[in-house]
Amino acid sequence: MYLFKRRRFPVEIILICVRWYCKYGISYRDLAEMMSERGIAVDPSTIFRFLCPTVS
């Protein structure tokens, strides 16, 4: 998938964030908190950058 080249996080993590954001409409901060509960430290602004090319 060319959208995810040169990303710090694996494609699976990015897709989980995109899926949860689109399906449940939760905020970036809530999503970052959910990921940290699963042991993945990600900033809300990073999640925003995941979603910009995929959602728009």
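# Close-ups of a three-helix chain

**View 1. Helix H1 from end to end.** Start with a quick ruler check on H1, which covers residues 11-24: at 1.5 Å a residue, its 14 residues should span 20 Å, and the end C-alpha atoms do sit 20 Å apart, so the two agree. Keep in mind while looking that this is a predicted model. Which residues of H1 are buried? They are Ile13, Ile14, Cys17, Val18 and Trp20. Looking down the axis of H1, these buried residues fall within an arc of 165 degrees, so they line one face of the helix. Swing round to the other side of H1 and you meet Glu12, Arg19 and Lys23, which are exposed. Just past the helix comes Gly25, with a positive phi of about 65 degrees.

**View 2. The whole chain, for orientation.** Pull back for a moment before the next close-ups. The protein chain has 3 helices and 0 strands, and from the N terminus on its elements run α-α-α. Of its 56 residues, 30% count as buried. The chain exposes about 4,100 Å², with carbon and sulfur atoms supplying 54% of that area. As for contacts in the chain with a separation of 6 or more, 41% of them are between residues 24 or more positions apart. How confident is the predictor here? The average pLDDT of the chain is 82, and 80% of the residues score at least 70. Among the elements, H2 has the highest mean pLDDT (93) and H3 the lowest (78).

**View 3. Val18, on the buried side of H1.** Val18 lies in helix H1. Is Val18 buried or exposed? Its relative accessible area is 13%, and the cut-off for buried is under 20%, so Val18 counts as buried. For a reference point outside H1, try Leu31: the two residues are 13 apart in sequence, and their C-alpha atoms are 9.7 Å apart in space. Leu31 itself is one of the buried residues of H2.

**View 4. The two sides of helix H2.** H2 buries Leu31, Ala32 and Met35. Down the axis of H2, those buried residues fall within an arc of 100 degrees, so they line one face of the helix. The face turned away from that buried side carries two exposed residues, Arg29 and Glu37. H2 is followed by Gly39, whose phi is positive, near 90 degrees.

**View 5. Arg29, out on the surface.** Arg29 has its place in helix H2. With a relative accessible area of 67%, Arg29 clears the cut-off of over 50% and therefore counts as exposed. Arg29 and Ser45 are 16 residues apart along the chain, and 8.7 Å separates their C-alpha atoms.

**View 6. The nonpolar core.** The largest nonpolar core has 15 residues. Which of them have the most contacts inside it? That list is Phe9, Cys17, Leu31, Met35, Val42, Ile47 and Phe50. H1, H2 (28-37) and H3 (44-55) each supply at least two residues of this core. The largest share, 5 residues, comes from H1. As a bit of background, nonpolar side chains tend to be buried together in soluble globular proteins.

**View 7. Ile47 and its partners.** Zoom in on one of the core residues with the most contacts, Ile47. What does Ile47 touch, leaving aside its neighbours within four places in sequence? Ile47 is in contact with Cys17, Tyr28, Leu31, Ala32 and Val42. Two of these partners, Leu31 and Ala32, are also buried residues of H2, while Cys17 is among the buried residues of H1.

**View 8. Ser27 and Phe48, two partly exposed residues.** Ser27 has its place in the loop between H1 and H2, whereas Phe48 lies in helix H3. Ser27 has 34% relative accessibility and so counts as partly exposed. Phe48, at 41% relative accessibility, also counts as partly exposed. The pair is 21 residues apart in sequence and 9.7 Å apart in space, C-alpha to C-alpha. Ser27 can be paired with Ile47 as well: here the gap is 20 residues in sequence and 9.8 Å between the C-alpha atoms.

Note on methods. Residues are numbered from 1 along each chain as its sequence is written. Side-chain values use heavy atoms; hydrogens and water are left out. Helices (H or I, at least four residues) and strands (E, at least two) are DSSP runs, numbered from the N terminus. The expected span of a helix is 1.5 Å times one less than its number of residues. Buried means under 20% relative accessible area, exposed over 50%, partly exposed in between (1.4 Å probe, protein chains only). The arc is that of the directions from the helix axis to the C-beta atoms. A nonpolar core is a set of buried Ala, Val, Leu, Ile, Met, Phe, Trp, Tyr and Cys residues joined through side-chain atoms within 4.5 Å. Contact means heavy atoms within 4.5 Å. Accessible areas come from the Shrake-Rupley method with a 1.4 Å probe; for residues, only the protein chains shown count as cover. pLDDT is the predictor's confidence in each residue, from 0 to 100.
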